[in-house]
Amino acid sequence: MRIVAAAVLWGTAGTAGAFASAGSVSLAAARLVIGGSILALLFLRSRAFGRDLLLGAVCVAAYQLCYFAAVARTGVAIGTVVAIGSGPVFTGLLSWALDRTTPSARWLGGTLAAVAGCAVLVLGGGSEGGADPGGIGLALLGGLLYASYAVTAARAIDRGTPSDTVMGTMFGGAAVLMLPVLLLSGPGFLTTPSGLLTALYLGAATTALAYVLYGRGLRTTPVATAATLALAEPAVAALLGVAVLDERLTPLSWAGLALLATSLIVVALPERRVPLGSAA
């Protein structure tokens with residue numbers, strides 16, 4: 001499934017970033033500038049410009065800034081759980097509010113279980129410090145921004161705009177917005193071989209390729225379901241941390257990983273339709 005493949009690519013970003021001597025904001029800005037530029041060069045079409053997609057570009061860039069500001073205030077673990085975990089919930093709410101698309105009971109149950117699994121996975125090893133209210137608020141705003149550009153992309157695709165063009169427009173615009181952030185936060189790491197290769201991988205694979213897959217997945221997958229399936233990202237990141245970076249997961253974190261994986265399988269399974277006239 002394209003959505004899960006995109007989430008797997010996103011999940012490799014943290015491990016790849018560990019090999020670059022760069023600040024998180026600089027690395028994230030470089031990732032978006034490179035990935036957005038690739039998508040714009042390949043897929044941007046002048047007829048795709050519209051108020052909705054330009055707003056989506058602003059949301060893409062603003063999400064990056066909110067996420068890293070939240071992490072700086074409340075820590076990586078809590079900031080990640082709140083931002084990523086709240087995304088599917090906000091996506092479901094926005095889909096209902098804008099398009100009156102009511103998620104199924106199975107989606108609701110699977111999403112709540114997946115968010116719980118994500119929280120246990122990330123927080124299971126314990127976290128340092130307390131939860132800063134301002135940081136939590138920024139992380140929630142990040143989750144809302146993620147949901148906003150996901151729903152914006154899905155609606156544009158539903159109206160007939162090619163998914164590649166949608167991603168090229170949104171991420172090309174976001175690249176322009178994030179270029180000053182990259183220049184101000186210190187792009188010097190791009191002059192080193194490891195820094196440049198890492199940034200190219202993050203931009204080409206975890207942004208450009210991943211969002212092409214995500215956009216094409218939105219052609220056939222409801223955006224609320226796609227947002228839940230994207231929670232595979234922290235699971236992949238955790239497994240790579242164990243396999244590549246020699247990190248350790250506690251038994252509680254392994255339990256959260258199992259709950260998250262099971263929930264995603266439940267959400268990914270196609271809905272069973274009962275034929276008319278048959279017994280339920």
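The expected span of a helix is 1.5 Å times one less than its number of residues. That rule is a handy way into this predicted model, starting with helix 7.

**Helix 7 and the annotated region**

Helix 7 covers residues 133-158, and its 26 residues should span 38 Å at 1.5 Å a residue. The end C-alpha atoms of helix 7 lie 37 Å apart, which agrees with that expectation. After helix 7 comes glycine 160, which has a positive phi near 110 degrees.

According to an unreviewed UniProt entry, the annotation "domain: EamA" covers residues 3-122 and also 135-268. Over residues 135-268 the chain is 81% helix and 0% strand, and 32 Å separates the C-alpha atoms at the two ends.

**Three helix pairs**

Two packed helices are described by the angle between their axes and the distance between the axes. Here are three pairs to look for in the structure.

| Helix pair | Angle | Axis distance |
|---|---|---|
| Helix 1 (residues 2-11) and helix 9 (residues 193-217) | about 160 degrees | 8 Å |
| Helix 4 (residues 51-74) and helix 8 (residues 163-185) | about 45 degrees | 8 Å |
| Helix 1 and helix 11 (residues 232-243) | about 45 degrees | 7 Å |

**Helix 1 with helix 9**

Helix 1 packs on helix 9 at about 160 degrees. Angles over 145 degrees count as roughly antiparallel, so helix 1 is roughly antiparallel to helix 9. Their crossing is left-handed. On the helix 1 side, the contact is made by Arg2, Ile3, Ala5, Ala6, Leu9 and Trp10. Helix 9 contributes residues including Tyr201, Leu209, Tyr211, Tyr214 and Arg216. Sorted by class, the contact of helix 1 with helix 9 has 12 nonpolar, 2 polar and 2 charged residues.

**Helix 1 with helix 11**

Helix 1 also packs with helix 11, at about 45 degrees, which makes helix 1 oblique to helix 11. This crossing is right-handed. Ala7, Val8, Trp10 and Gly11 of helix 1 meet Ala232, Glu233, Val236, Ala237 and Leu240 of helix 11. The contact of helix 1 with helix 11 divides into 7 nonpolar residues, 1 polar and 1 charged. Trp10 is worth finding on screen: it takes part in the contact with helix 9 and in the contact with helix 11.

**Helix 4 with helix 8**

Helix 4 and helix 8 pack at about 45 degrees, so helix 4 is oblique to helix 8. The crossing of helix 4 and helix 8 is right-handed. Among the helix 4 residues in the contact are Leu53, Gly56, Val60, Gln64 and Leu65, and helix 8 supplies residues including Val166, Met170, Phe171, Gly173, Leu177 and Val181. By class, this contact of helix 4 with helix 8 has 13 nonpolar and 4 polar residues, with no charged ones.

Methods. Residues are numbered from 1 along each chain as its sequence is written. This is a predicted model: local features need pLDDT of at least 70, side-chain atom pairs count only at pLDDT 80 or more; totals for chains, interfaces and linings use all residues. Side-chain values use heavy atoms; hydrogens and water are left out. Axes are lines fitted to C-alpha atoms, for helices over the stretch in contact, and angles run from 0 to 180 degrees between N-to-C directions. Angles under 35 degrees count as roughly parallel, over 145 as roughly antiparallel, 65 to 115 as roughly perpendicular and the rest as oblique. A crossing is left-handed if the near helix is turned anticlockwise from the far one by less than a right angle, and right-handed if clockwise. Contact means heavy atoms within 4.5 Å. Ala, Val, Leu, Ile, Met, Phe, Trp, Tyr, Cys and Pro count as nonpolar, Asp, Glu, Lys and Arg as charged, and the others, Gly among them, as polar. UniProt positions are given in the numbering used here, feature names are shortened, and annotations may be inferred rather than shown by experiment.
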